[in-house]
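I opened this notebook to record what I looked up in the structure. The entries run from the whole chain to single residues.

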Amino acid sequence: MSANQDHINAVVGALTEDLDTVKAEIQTLKDQAAAAGADLDFTALDDFVSKLDAVAHPPTEEPTPEPEPAPETPGEPTV
């Protein structure tokens, strides 16, 4: 692997750790708000973190299998 790729992988690793920390902190805030009976709206924050998470962990695309060809059936005899 090249030094540049190693650097990219290190940055992605660091960002992933940071994102995990942010998600844990948000959960702590939610838990504290619930315990205090506070009705806070975390929707915008959750949406933003979901977008960051999608960038940090893009879905892997499974290759679409080729459909199997239909079995050949003998045709009707032509007269």
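**Entry 1. The chain as a whole.** I began with the surface: the protein chain exposes about 7,200 Å², and carbon and sulfur atoms supply 59% of that area. I note that the model is predicted. I then looked up the secondary structure and found two helices and zero strands in the protein chain. Of the 79 residues in the protein chain, 8% are buried.

**Entry 2. Helix 1.** I checked the length of helix 1, which covers residues 3-35. Its 33 residues, at 1.5 Å a residue, should span 48 Å, and the end C-alpha atoms are 48 Å apart, so the two values agree. I next listed buried positions in helix 1 and obtained Thr16, Leu19, Ile26 and Ala33. Against what do these residues of helix 1 pack? The buried residues of helix 1 pack against helix 2, residues 43-56. Just after helix 1, I recorded a positive phi of about 75° at Gly37.

**Entry 3. The nonpolar core.** I looked up the largest nonpolar core and found five residues in all: Leu19, Ile26, Ala33, Phe42 and Val49. Helix 1 gives the most to this core, with three residues.

**Entry 4. Leu19.** I selected Leu19, which is placed in helix 1, for a separate entry. Why does Leu19 count as buried? Its relative accessible area is 7%, and buried means under 20%, so Leu19 qualifies. Leaving aside neighbours within four places in sequence, I found Leu19 in contact with Val49, Leu52, Asp53, Ala56 and His57. For one of these partners I looked up the separation: Leu19 and Leu52 are 33 residues apart in sequence, and their C-alpha atoms are 7.8 Å apart in space.

**Entry 5. Thr16.** Thr16 also required a check, and I located this residue in helix 1. Its relative accessible area is 17%; because the cut-off for buried is under 20%, Thr16 counts as buried. Not counting residues up to four places away in sequence, Thr16 touches Ala56 and His57.

**Entry 6. Salt bridges.** I turned to charged side chains. Side chains of opposite charge can pair when their charged atoms come close. How many salt bridges are there? The count comes to two salt bridges.

In one of them, Lys23 pairs with Asp53, and the closest N and O atoms are 3.4 Å apart. This pair links distant parts of the chain, with Lys23 in helix 1 and Asp53 in helix 2, 30 residues apart. I looked up the exposure of both partners. Lys23 has 33% relative accessibility and therefore counts as partly exposed. Asp53, with a relative accessible area of 23%, is partly exposed.

Lys30 forms a salt bridge with Asp46, where the closest N and O atoms are 2.9 Å apart. Here too distant parts of the chain are linked: Lys30 lies in helix 1 and Asp46 in helix 2, 16 residues apart. At 24% relative accessibility, Lys30 counts as partly exposed. I recorded a relative accessible area of 28% for Asp46, which makes Asp46 partly exposed.

**Entry 7. Summary for the file.** I close with the contacts between the helices. The buried residues of helix 1 pack against helix 2. The pair Lys23 and Asp53 links helix 1 to helix 2, and the pair Lys30 and Asp46 links helix 1 to helix 2.

Methods:
Residues numbered from 1 in each chain as written. Predicted model: local features only at pLDDT ≥ 70, side-chain atom pairs only at ≥ 80, totals over all residues. Heavy atoms only, no water. Helix = DSSP H or I, 4+ residues; strand = E, 2+ residues; numbered from the N terminus. Expected span 1.5 Å × (residues − 1). Buried < 20%, exposed > 50% of the residue type's maximum accessible area, 1.4 Å probe, protein only. Contact = heavy atoms within 4.5 Å. Salt bridge = Lys/Arg side-chain N within 4 Å of Asp/Glu carboxyl O. Core = buried A, V, L, I, M, F, W, Y, C linked by side-chain atoms within 4.5 Å. Areas by Shrake-Rupley, 256 points an atom, 1.4 Å probe, with all protein chains shown as cover.
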